[in-house]
Amino acid sequence: MIRYSKKIICILFISILLCQQSFAQRKDLKNEVNQTMMKATRYMVETVSTNGGYVWFYLPDFSRRWGEMEAFKTMIWVQSPGTVSMGHLFLDAYRTTGDEYYYQAAEKTAAALIWGQSPEGGWNYMIDFAGDRSLKEWYNTIGKNGWRLEEFQYYYGNSTFDDDVTSNAARFLLRMYLEKLDPKWKPALDKAINFILESQYPCGGWPQRYPLKYEFSHHGNPDYTSFHTFNDGVIGENVNFLIQCYLLLGQQRLLDPIMRGMSFYIISQDSSGGWGQQLNMNLETVGARTYEPKALLPGATYENAMYCITWYRYTGNRKFLKPVPDAIKWLERSALPPTQTENGRYTHSTFVEMGTNRPVFVHRKGSNVKYGYYYHDYNDKQLLSHYGGKTRIQIDRLRQEYERVKALSPEEVTADSPLKIEKFKGEGTPRTYYDLNRSYFNIKPDENQIRNIISSLDKHNRWLAKHASISNPYAGDGKKQELTDEFASVNTGDETDTSPFRDTSDQDYISTGEYIRNMNMLISYLRSLNDK
């Protein structure tokens with residue numbers, strides 16, 4: 001007969017009690033998390049939203065609100081972290097908790113986006129429920145006077161791929177459809193897919209905006225929105241979305257536009273090894289906004305080379321690896337001289353002159369959009385604050401990733417490729433959301449972080465934030481003609497400039513970004529409990 005000492009029995013008993021107490025505490029915290037998520041979401045859905053849509057920041061009394069620029073009260077912002085980001089968040093919460101309220105919130109967001117979907121199938125940066133008469137007024141007042149935001153200075157009346165606007169809205173509708181296979185979301189989703197297909201150029205690239213417009217010159221420069229555009233992931237995100245649809249909807253017709261989109265990265269590379277952000281119809285590198293001169297960009301070159309590696313991982317076709325060594329060599333040649341790296345903080349200029357590999361820097365003079373202007377030279381002083389003049393490129397990381405995948409066989413490298421659909425086949429229609437979005441939350445919070453988030457919810461069930469991105473209220477067109485350097489390195493100009501700047505005061509704001517960050521942390525915590 002085994003005999004246990006009183007000491008061992010006591011230790012075992014205490015251990016059991018501690019385990020039970022820990023389990024009870026986790027259960028209590030889980031309940032608090034669920035309650036906090038629901039209270040915060042109800043406030044956003046029932047008090048903050050406009051017909052299911054959102055902007056980025058609101059004054060607590062809702063007297064002013066902002067997306068990337070100040071918005072009318074009838075407007076919502078499609079662009080992240082606005083309406084589409086909120087929709088994705090609601091679906092994440094629904095998937096994690098199973099609570100139908102979150103799905104209903106996502107439905108309201110989807111309905112708002114469908115209301116604002118263009119007849120062709122895409123989206124603009126914002127939606128105005130008061131109609132295009134109101135939207136045109138916004139462009140002729142607030143938009144027109146955003147000095148550095150040239151994409152908002154004209155009413156195009158079409159849709160944009162910039163900042164992942166159309167592809168991410170379409171991706172959200174794809175998720176809505178797949179969640180329950182509810183056919184009511186299918187027409188808008190099909191319309192978005194067809195829009196992306198129709199707007200693709202035969203050579204595989206996409207314009208920034210579609211249907212094509214040519215009539216808006218930018219301070220003497222031709223309209224850039226019809227150019228093949230890499231800036232802000234236009235081509236890469238369209239390809240990623242089509243891959244998702246190819247995998248999850250089983251649409252074989254998408255394979256050709258996917259392959260043409262991937263191959264565009266090869267044919268668009270400059271003979272030097274670099275890439276520009278925009279290319280004209282002759283595939284020549286061109287400038288865009290007046291602070292985006294004709295130049296090659298180390299940032300775009302690094303990103304495009306990484307995309308080429310990804311396309312090899314998806315296809316197993318080694319042709320996609322061919323541009324990478326030349327890109328690495330060009331990045332090495334175009335590095336900043338040691339005197340301009342600011343003690344190693346930067347490796348490259350944002351823009352590099354074609355043919356010479358000299359670093360190019362952009363500046364501005366004046367106080368407002370009417371009388372101010374941008375220019376570029378070789379001087380790295382008084383650089384723009386809103387469009388960094390220098391950057392840091394991780395050439396070693398690119399080289400290591402290239403060497404890693406180059407050593408793999410096509411069979412090995414495509415082991416997890418979403419294009420190898422036989423690996424994802426199962427009974428019925430695929431319903432798992434294969435995440436190819438460039439925004440992915442993978443932080444695993446600890447319990448102290450979770451308790452801090454819970455306690456920071458105020459009595460109105462809001463997570464308030466300070467230091468929001470705000471702007472001067474509209475005050476008419478610019479009048480100051482002096483070509484001063486006073487605003488050379490700040491985000492805004494004089495009192496007539498409606499460009500956003502950071503509020504450094506202690507003013508509180510309702511923030512969709514703050515809500516999304518906190519909700520992501522709470523959702524991640526719940527998922528970690530489910531995984532145990």
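Here are some numbered notes to read alongside the structure, which is a predicted model.

1. Let's start with strand E12, residues 359-365. Is this strand mostly buried or exposed? Six of its seven residues are buried, so the strand is largely enclosed by the rest of the structure.

2. Now look at the partners of E12. On one hand there is strand E11 (residues 351-352), which runs antiparallel to E12 and is joined to it by two bridges. Within this pairing, Val352 has Pro359 of E12 as its bridge partner. On the other hand there is strand E13 (residues 373-377), also antiparallel to E12, with five bridges between them. Here His363 stands opposite Tyr375 of E13. As you compare these strands, remember a general point: in a regular strand the side chains alternate between the two faces of the sheet.

3. The turn between E11 and E12 deserves a visit of its own. The two strands form a hairpin with six residues between them, and in this hairpin Gly355 takes a positive phi near 90 degrees. Asn357 sits in the loop between E11 and E12 too. Asn357 has a positive phi of about 65 degrees, although it is not a glycine. With a relative accessible area of 22%, Asn357 is partly exposed.

4. You can find a similar case further along the chain. Asn461, another residue that is not a glycine, has a positive phi near 70 degrees. Look for Asn461 in the loop between helix H13 (447-455) and strand E15 (464-465). Asn461 counts as partly exposed, at 23% relative accessibility.

5. E12 also matters when you look for enclosed spaces. How many cavities of 30 Å³ or more does the structure hold? There are five of them, and the largest has about 50 Å³ of space. Its lining includes Tyr291, Thr350, Phe351 and Leu384, along with Val360, Phe361 and Val362. Which strand gives the most to this lining? That is E12, with three residues. The lining of the largest cavity divides into seven nonpolar residues, three polar ones and no charged ones.

6. Next, compare that with an open space, the second largest pocket, whose volume is about 680 Å³. It is lined by 31 residues, and Asn231, Asp232, Arg289, His386 and Tyr387 lie nearest its centre. Two elements give two or more residues to this lining: helix H9 (298-315) and strand E17 (501-502). H9 has the largest share, with three residues. This lining is made up of nine nonpolar, 12 polar and 10 charged residues. Tyr387 is also among the residues that line the largest cavity.

7. There is a small sheet to pick out as well. It is an open sheet of three strands in the order E7-E8-E9, with antiparallel pairing. E7 (228-229) and E9 (285-286) stand at the edges with a single partner strand each, so one side of each has no neighbour in the sheet. Strand E8 (residues 278-279) pairs with E9 over two bridges, and Gln278 stands opposite Val286 of E9.

8. Two helices are good places to practise reading burial. In helix H4 (residues 132-141), the buried residues are Ser134, Leu135, Trp138, Tyr139 and Thr141. Strand E3 (75-77) and strand E4 (126-128) are included in what covers them. In helix H3 (residues 100-116) you will find Ala110, which counts as buried at 0% relative accessibility. Beyond its neighbours within four places in sequence, Ala110 is in contact with Phe172, Leu173, Met176 and Trp185.

9. Two prolines are worth a look for their peptide bonds. The bond from Ser80 to Pro81 is cis, with omega near 5 degrees, and Pro81 lies in the loop between E3 and helix H2 (83-97). The bond from Tyr210 to Pro211 is also cis, with omega near -5 degrees. Pro211 is in the loop between strand E6 (209-210) and E7.

10. Finally, how many disulfides does the structure hold? The count is zero. The cysteine sulfur closest to that of Cys203 belongs to Cys308 and is 15 Å away, too far for a bond. Cys203 is partly exposed, with a relative accessible area of 28%, whereas Cys308 counts as buried at 0%.

Definitions and conventions
Residues numbered from 1 in each chain as written. Predicted model: local features only at pLDDT ≥ 70, side-chain atom pairs only at ≥ 80, totals over all residues. Heavy atoms only, no water. Buried < 20%, exposed > 50% of the residue type's maximum accessible area, 1.4 Å probe, protein only. Helix = DSSP H or I, 4+ residues; strand = E, 2+ residues; numbered from the N terminus. Pairing = 2+ DSSP bridges. Contact = heavy atoms within 4.5 Å. 1 Å grid on protein atoms, 1.4 Å probe; cavity = no way out; pocket = protein on both sides within 12 Å on 5 of 7 lines; lining within 4 Å. Points joined across faces, edges and corners; volume = space filled by probe spheres on them. Nonpolar A, V, L, I, M, F, W, Y, C, P; charged D, E, K, R; others polar. Disulfide = S-S within 2.5 Å.
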